[in-house]
Number of protein chains: 2
Amino acid sequence: MKIAVLGTGRVGGVLGKRWARAGHEVVFGTRLPGSEKVAALLAEAGPSARAAAPRDAVSHAGVVVMALPWNIAQEELTKHDLAGKVLVDCTNPLNATFTGLDLGFDTSAAEAIAGWAKGARVVKAFNTVSAAAMADPTFGGQPATMFYCGDDDQAKQIVGKLAEELGFEPIDAGPLSMARYLEPLAMLYIHLAMKGWGSSCAFKVIRR
Amino acid sequence: MKIAVLGTGRVGGVLGKRWARAGHEVVFGTRLPGSEKVAALLAEAGPSARAAAPRDAVSHAGVVVMALPWNIAQEELTKHDLAGKVLVDCTNPLNATFTGLDLGFDTSAAEAIAGWAKGARVVKAFNTVSAAAMADPTFGGQPATMFYCGDDDQAKQIVGKLAEELGFEPIDAGPLSMARYLEPLAMLYIHLAMKGWGSSCAFKVIRR
């Protein structure tokens, strides 16, 4: 699969690296493809990864992973032609003090992003776990749950499979509007992490 | 502990029954204390349980469990003197079609209830699991997590202990305003349940 990862921070870095190691063709989209930080990331990611300007990264990919901060999402996404592409929205619409969300209830970051990324097949995913959990989704021998939602079934299947390849148990949470509940779940995680749990915990759906 | 349970539906019924069996003094507050339904519930709950008019139930209790539907919460809670009592808010502010919440984002049912129940020490709890999970919180050998939140630490300790007695792993999710995230979590559960998982699943925080 050809995957563009927008963002070389902790989330984009670990996702791109792990998918590259699993054999996917990964292009990190970054304004500084020649920087030391990116060189170090590419060295870890191996031969299936490279870096390019965001426009080039996106144009060659079928799957685009949005792992940039929420406050630059609109500016970045409106620059690209994302029509027909699977757009994986990993953002959370955190406010400036990380104490709450910028929007919610009758909308969500995912729905706003779907409005900005014209024609993209948006799937909300990877927003309810830490970067540490993306590096290793196994907690006490059990895979953490990766909730995802979206309005395009085929796009959701692709994202569910990508989550499974990392070691998550993917759970389809329904249409894109379910992001109204997945983004608050991220706030619950952030609150637990800030209370001292750090990144050493994750959510799981357990069953009988 | 003296516990008044407002509501003899599935949630109030199972919570009151199990706490009565554990030896707590439980009074179900109901307008129909002599009904067949209530008699059957009391027979199951055993000698530590009785039924009374809501006013009498509340007046003798240190802990009041609000297990009535959201749409009658205001009318019911403003009838009682709840000052100083631990008020366990099990509600979710479901809309009329159960497809979403009536309020949220910068408020929550729990915060609204704290406004109506003057002086009560409100703890949000038991809103993110099914009644079936309250009857048996063990899923595949593991206890489900019971998230709770509130602004009164002593009240939270009491509720955490009551959850633990039922077999849950209690997790303090912070101040009462965290209900803004616990109520959306209930919507995520409801959506999964309606997609076919029924009541055979629950949330758990897993750790390293």
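Guide: A residue is called buried when its relative accessible area is under 20%, and exposed when that area is over 50%, with partly exposed in between. The model above is a predicted one.

Visitor: How does that apply to B:Glu76: buried or exposed?

Guide: B:Glu76 has 11% relative accessibility, so this residue counts as buried. Its salt-bridge partner is B:Lys79, with 3.5 Å from N to O. At 45% relative accessibility, B:Lys79 counts as partly exposed.

Visitor: What qualifies as a salt bridge?

Guide: A side-chain nitrogen of Lys or Arg has to lie within 4 Å of a carboxyl oxygen of Asp or Glu. The pair of B:Lys79 and B:Glu76, at 3.5 Å, is one case.

Visitor: How many salt bridges are there over all chains?

Guide: Searching the whole structure gives 24.

Visitor: Which residue does A:Lys124 pair with?

Guide: A:Lys124 forms a salt bridge with A:Glu183, and their closest N and O atoms are 2.7 Å apart. The two partners come from distant parts of the chain, 59 residues apart: A:Lys124 is in strand β6 (residues 121-124) of chain A and A:Glu183 in helix α8 (residues 179-197) of chain A. Both ends are covered, since A:Lys124 has a relative accessible area of 0% and A:Glu183 one of 1%.

Visitor: What about B:Lys204 and B:Glu169?

Guide: These two also form a salt bridge, with the closest N and O atoms 3.7 Å apart. B:Lys204 belongs to strand β11 (residues 201-207) of chain B and B:Glu169 to strand β10 of chain B, so the pair ties together parts that are 35 residues apart in sequence. B:Lys204 counts as buried, at 8% relative accessibility.

Visitor: Which residues are joined into one network by salt bridges that share partners?

Guide: A:Asp89, A:Lys124 and A:Glu183 are joined in this way.

Visitor: Now the strands. How many residues of strand β9 of chain B are buried?

Guide: The strand spans residues 145-150, and 6 of its 6 residues are buried. B:Thr145, B:Phe147 and B:Cys149 point one way from β9(B), while B:Met146, B:Tyr148 and B:Gly150 point the other way.

Visitor: Which strands pair with β9(B), and in what sense, parallel or antiparallel?

Guide: Strand β6 (residues 121-124) of chain B pairs with β9(B) in the antiparallel sense over 2 bridges. On that side, B:Val123 stands opposite B:Gly150. Strand β10 (residues 169-172) of chain B runs parallel to β9(B), and 4 bridges join them. There B:Met146 stands opposite B:Pro170. Helix α7 (residues 153-166) of chain B completes a right-handed β-α-β unit with β9(B) and β10(B).

Visitor: How is empty space found?

Guide: A probe the size of a water molecule is rolled over the atoms, and this shows where empty space is left. For enclosed space, the count here is 2 cavities of 30 Å³ or more. The largest cavity holds about 40 Å³, and the second largest about 30 Å³.

Visitor: Which residues line the largest cavity?

Guide: Its lining consists of A:Lys2, A:Ile3, A:Glu25, A:Val27, A:Arg50, A:Ala57, A:His60 and A:Ala61. β1 (2-6) and β2 (25-29) of chain A each supply at least two of the lining residues. By class, the lining of the largest cavity has 4 nonpolar, 1 polar and 3 charged residues.

Visitor: And what lines the second largest cavity?

Guide: That lining is in chain B: B:Lys2, B:Ile3, B:Glu25, B:Val27, B:Arg50, B:Ala57, B:His60 and B:Ala61. β1 (2-6) and β2 (25-29) of chain B each give two or more residues to it.

Visitor: What is the volume of the largest pocket, and which residues lie nearest its centre?

Guide: The largest pocket has a volume of about 1300 Å³. It is lined by 48 residues, and B:Val11, B:Ala67, B:Leu68, B:Pro69 and B:Trp70 lie nearest its centre. α8(B) gives the most to this lining, with 5 residues. The lining of the largest pocket divides into 23 nonpolar, 17 polar and 8 charged residues.

Visitor: How much space lies in the second largest pocket?

Guide: About 820 Å³. The second largest pocket is lined by 30 residues, and the closest to its centre are A:Arg10, A:Val11, A:Asn92, A:Leu94 and A:Phe98. Here α8(A) gives the most, with 5 residues. By class, the lining of the second largest pocket has 20 nonpolar, 9 polar and 1 charged residues.

Note on methods: Residues numbered from 1 in each chain as written. Chains lettered and ligands numbered in written order. Predicted model: local features only at pLDDT ≥ 70, side-chain atom pairs only at ≥ 80, totals over all residues. Heavy atoms only, no water. 1 Å grid on protein atoms, 1.4 Å probe; cavity = no way out; pocket = protein on both sides within 12 Å on 5 of 7 lines; lining within 4 Å. Points joined across faces, edges and corners; volume = space filled by probe spheres on them. Nonpolar A, V, L, I, M, F, W, Y, C, P; charged D, E, K, R; others polar. Buried < 20%, exposed > 50% of the residue type's maximum accessible area, 1.4 Å probe, protein only. Pairing = 2+ DSSP bridges. Right-handed = clockwise from strand over helix to strand, strands pointing away.
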